[in-house]
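Open the structure in your viewer and find the tool for selecting residues by number. We will walk through the fold one stop at a time.

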Amino acid sequence: MASNPVKILLVEDDELFRLGLRVRLQQEAGLEIIAEAEDGETALDLIKQNSLDVVLLDVGLPGLGGIEACKQIKQQNPQLPILVLTSHSQKPLISKLIEAGAQGYCLKGIIAEKLVLALRSVAAGASWWDETATREIRSSIESSQSQLPEQNFTKSDHPLTGRELEILALLAKGKTNQEIATALYITPGTVRVHVHAILHKLEVSDRHQAVVVALQKRLIQNSAIAD
């Protein structure tokens, strides 16, 4: 029996580029463009009207803007993954995307096969950051650690179990629930329960934020982030 297709909302203001994306992505088995928007306001409305697995979001949107749209989408739909599409890779932009709750980003020059892989990965619960973004994440975390007292990061300050710490380390490597289940010899359903508990205990809304908080608190090491 075929698995359900990944349902995508495509948000891009350049009509020709959006058309090219739609045509290319619709050639892929298992991907389905459910709706399209050319600005953030329309995207928010469409998310309310449709069942989606992932949002492919351009940063350079008119009106609301891509970063603000990302923030509002995550505020209203914390579990909906967002893959950002941009022509820029500056460090300040990456930091803003991380703060906004994006699960990753792709440069517009990315080859189609990698974009498809990124969409599937993000829809499955993993993150997708290139080497520049990964270095920026590590740099931001190290900066935060250097500005905060050591006693704030003792393991006694968190309520996570040993199993939850194991799962956190695998989340940091971008593993999906199925991959974590296979690695730890447990069921995907059990993984989902643990992930839900981790998010609740760390007071975050998604897996990526959990990893960032865990690194800040030194619950896992910087080297745990997938390269």
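This tour starts at the sheet, moves on to the helices and ends with a few single residues. Keep in mind that the model is predicted.

**Stop 1: the sheet**

Begin by showing the strands. Which order do the strands of the open sheet follow? The sheet has five strands in the order E2-E1-E3-E4-E5, and the pairing is parallel. Colour E2 and E5 (104-107), which are the edge strands, each pairing on one side only. Turn the view to follow the twist, which averages 25° from one strand to the next.

**Stop 2: strand E1 and its partners**

Select residues 6-11, which form strand E1. Is E1 mostly covered or mostly open? It is mostly covered, as five of its six residues are buried.

Now add residues 31-37, strand E2, which pairs with E1 in the parallel sense over six bridges. To see one place where they face each other, pick Lys 7, which stands opposite Glu 32 in E2. Follow the chain between these two strands: it leaves E1, passes through helix H1 (residues 15-25) and arrives at E2, making a right-handed β-α-β crossover.

Next select residues 54-58, strand E3, which runs parallel to E1 and is joined to it by four bridges. Two partners to click on are Leu 57 in E3, which bridges to Val 11, and Val 55 in E3, which bridges to Leu 9. While you look along a strand, remember a general rule: in a regular strand the side chains alternate between the two faces of the sheet.

**Stop 3: helices on the sheet**

Select residues 112-123, helix H5. Which strands does H5 lie across? It lies across E1, E2, E3, E4 and E5, and it runs at about 150° to E4.

H5 also meets H1: their axes come within 11 Å and cross at roughly 75°. The two helices are therefore roughly perpendicular to each other. Show the side chains of Leu 21, Arg 24 and Leu 25 in H1, together with Ala 112, Glu 113, Leu 115, Val 116 and Leu 119 in H5, to display the contact. Sorted by class, these residues are six nonpolar, no polar and two charged.

**Stop 4: H8 and H9**

Move along to residues 177-184, helix H8, and residues 188-202, helix H9. Their axes come within 8 Å and cross at roughly 110°, so H8 and H9 are roughly perpendicular to each other. On the H8 side, select Asn 177, Gln 178, Ile 180 and Ala 181; on the H9 side, select Pro 188, Val 191, Arg 192 and Val 195. This contact divides into five nonpolar, two polar and one charged.

Between H8 and H9 is a loop, and Tyr 185 has its place there. Is Tyr 185 buried or exposed? It counts as exposed because its relative accessibility is 76%, and the cut-off for exposed is over 50%. Check its backbone too: phi of Tyr 185 is near 60°, a positive value in a residue other than glycine.

**Stop 5: H7 and H10**

Select residues 162-172, helix H7, and residues 207-216, helix H10. They pack at an angle of about 110° with their axes 9 Å apart, so they are roughly perpendicular to each other. Here Leu 168, Leu 171 and Ala 172 of H7 meet Arg 207, Ala 210, Val 211 and Ala 214 of H10. The classes in this contact are six nonpolar, no polar and one charged.

Stay with H10 and show the surface around it. Eight of its ten residues are buried, so H10 is largely enclosed by the rest of the structure. Among those buried residues are His 208, Val 212, Val 213 and Leu 215. Just beyond, H10 is followed by Arg 218, whose phi is positive, near 60°.

**Stop 6: Lys 74**

For the last stop, pick Lys 74 in helix H3. Is Lys 74 buried or exposed? It counts as buried because its relative accessibility is 6%, and buried means under 20%. Leaving aside neighbours within four places in sequence, Lys 74 is in contact with Leu 80, Pro 81, Ile 82, Ala 100, Gly 101, Gln 103 and Asp 206. Select these residues together with Lys 74 to see its surroundings.

Key:
Residues numbered from 1 in each chain as written. Predicted model: local features only at pLDDT ≥ 70, side-chain atom pairs only at ≥ 80, totals over all residues. Heavy atoms only, no water. Axes fitted to C-alpha atoms, helices over the stretch in contact; angles between N-to-C directions. Parallel < 35°, antiparallel > 145°, perpendicular 65-115°, else oblique. Contact = heavy atoms within 4.5 Å. Nonpolar A, V, L, I, M, F, W, Y, C, P; charged D, E, K, R; others polar. Buried < 20%, exposed > 50% of the residue type's maximum accessible area, 1.4 Å probe, protein only. Pairing = 2+ DSSP bridges. Right-handed = clockwise from strand over helix to strand, strands pointing away.
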